[in-house]
Amino acid sequence: MLAKAVALLVIATASASASPYMDEYVRLGLQQNSEIQQQRLQYAESRSAVTEARANLLPSLSLESRYSDFHGNMLNVGDLINPAYAALNQLTGTSRFPTSLDLTIPQKQQTTLRLTQPLFEPRALYNFRIRRYLRDLESARLKTSERSLVRDIKTAYLGYAKSVRVVELYDQTISVLEENVRVSQKLVDNQKATLDVLYRAKAELNDLKQKRSEAELQRSDAARYFNFLLKRSLDAPILLDVDSAIGAIEVPGVDSALARGLAHRDELHQLTYGLRAASNSIKLNNAAFYPTLSVALDYGYQGNDYRFDRDDDLTTVSLVATWNLFNGGRDAARRQQAVLESERLRLQQDEVRRQIEMQIRQTYDAVLVARQSVSTAADRLTSAQRSFELVSRRFAEGMAPQVEFLDARANLTSAGINQILTTYDFAVRYAQLEQAAALVDLQTITADQDK
């Protein structure tokens, strides 16, 4: 009975090829995880910053209005013109020329629409490019976190499934030991065995019950951590795939894993975009020494009273140039900082590339060792099953002592647990390799979320 139960558990953990529940939990985690949601907000902010930077290159339209109340000695052009007009009227004997002009400069009100378009503004252009690369950097940083979360969710899910299978195996074993206690009690009652046989049977049963309680605690802790990652209720039920989320995993070659990882690891993409941003930062600070040129078109009204008619409107076109000749060396210092930042990122890029290559090789070797352990554990379980079957048959016929039966049972249980642990550990190692070599296609997962 115990051998059959162990065999069924092993088949469940190693024979199927799909894991729909685990995949769905991965999608759910990418949607609901708090850290990922925060990073998505940061990415949205970086996209908004790109829109803001682009706006600095586009025309701007503003309404400007001014009204001034003057006191004191202000320049009034009428004071200069009125005497001249009065003299002309006297000479001509007419009153054709006004002598009460009130032309204060500046005039009391001016209301205009101003259209401004930068013509040559290199700092705005380089700032726009920097913002784009920083947006791409945030996107790569988000993908890095998503890959780590996928690994963590799969690891937590497999850890929970592993603890469930161990508890199930203990339950099957407890039923065998309970039957052994019942048989031992009957033998003692019929004076066919001494009390030490009964005490040994009970001790074995109590020892296994204690181990089962510890395994159940591990199962509860694993469930709470898994639900925490998915931002669900800590006591939410977890559905297990029939195949326990472990299929026939095909491990790629090491060269393929290295090529994939070095081409798709988003940590390297972050540094690439950081270098491009730093390069444009150098250009931006160089551009501080260049002049800027823009054109402005104003149309509106001015006068001492608010009158909006053809006699009071005005149109002006202005070409505005500015050139920063000296600002205490701030621009040169900023340029030097950008150069140093670019050098630092270039060194860091080489270091991160080497770290990623080392990580891929280490996780790949761990996967190979774990896969070999699964094969070894299967052989060990097969031997323990056969040994237990033989000893059980001999024990039932009274040809084997109880201690031999219990030892065979303990070996079978240990082999069954070892098989479960090595099988799930192999799946966990492979999840780590998926993250290290960027084997998971995040676009496929996010596309499934949008459906």
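What percentage of the 451 residues in the protein is buried? Buried residues make up 38% of the chain's 451 residues, where buried means under 20% relative accessible area, exposed over 50%, and partly exposed in between (1.4 Å probe, protein chains only). The structure is a predicted model, in which local features need pLDDT of at least 70, side-chain atom pairs count only at pLDDT 80 or more, and totals for chains, interfaces and linings use all residues. Residues are numbered from 1 along each chain as its sequence is written, and side-chain values use heavy atoms, with hydrogens and water left out.

The protein contains 11 helices and 6 strands. Helices (H or I, at least four residues) and strands (E, at least two) are DSSP runs, numbered from the N terminus. The accessible surface comes to about 25700 Å². Carbon and sulfur atoms hold 53% of that surface. The areas come from the Shrake-Rupley method with a 1.4 Å probe; for residues, only the protein chains shown count as cover. Contacts (heavy atoms within 4.5 Å) are counted here at a separation of 6 or more. Of these, 85% join residues 24 or more positions apart.

Four strands form an open sheet in the order 1-4-5-6, with antiparallel pairing. Strand 1 (60-67) and strand 6 stand at the edges. Each has a single partner strand, so one side of each is left without a neighbour in the sheet. Neighbouring strands are turned by 20 degrees against each other on average, direction ignored. The axes behind this angle are lines fitted to C-alpha atoms, for helices over the stretch in contact, and angles run from 0 to 180 degrees between N-to-C directions.

Pairing requires that DSSP find at least two bridges between two strands. Strand 1 and strand 4 are joined antiparallel over 8 bridges. Here Arg66 stands opposite Gln110 of strand 4. Strand 4 (residues 109-120) and strand 5 (residues 292-303) are antiparallel over 11 bridges. Gln117 has Val295 of strand 5 as its bridge partner. Strand 5 also pairs with strand 6 (residues 313-322), antiparallel over 10 bridges. Leu297 faces Val317 of strand 6 in this pairing.

The largest nonpolar core has 54 residues. A nonpolar core is a set of buried Ala, Val, Leu, Ile, Met, Phe, Trp, Tyr and Cys residues joined through side-chain atoms within 4.5 Å. Ile153, Phe226 and Ile238 touch the most other members. Two or more residues each come from helix 2 (20-32), helix 5 (122-189), helix 6, helix 9, helix 10 (402-436) and helix 11 (442-450). Helix 5 gives the largest share, 19 residues. Beyond four places in sequence, Phe226 is in contact with Tyr25, Ile153, Ala156, Tyr157, Arg232 and Ile238. Another core lies apart from this one. That second core has 20 residues, among them Leu258, Leu345, Tyr364 and Phe426.

Helix 9 (residues 330-396) has 67 residues. Helix 9 reaches 93 Å from its first C-alpha to its last, close to the 99 Å expected at 1.5 Å a residue. The expected span is 1.5 Å times one less than the number of residues. Gly398 follows helix 9 and has a positive phi, near 75 degrees. Gln349 lies within helix 9. Gln349 counts as buried because its relative accessible area is 17%. Leaving aside neighbours within four places in sequence, Gln349 contacts Leu268, Leu271, Thr272 and Leu275.

Glu204 sits in helix 6 (residues 195-229). Glu204 is also buried, at 17% relative accessibility. Beyond four places in sequence, Glu204 is in contact with Leu177, Leu406 and Arg409. Ala415, in helix 10, is buried at 0% relative accessibility. Ala415 and Leu381 are 34 residues apart in sequence, yet their C-alpha atoms are 5.0 Å apart. Ala415 touches Arg380, Leu381 and Ala384, not counting residues up to four places away.

Most residues other than glycine have a negative phi. Lys231 has a positive phi of about 60 degrees although it is not a glycine. Lys231 lies in the loop between helix 6 and helix 7 (254-264) and is partly exposed, at 47% relative accessibility. Ala438, likewise not a glycine, has a positive phi of about 55 degrees. Ala438 belongs to the loop between helix 10 and helix 11. At 0% relative accessibility, Ala438 is buried.
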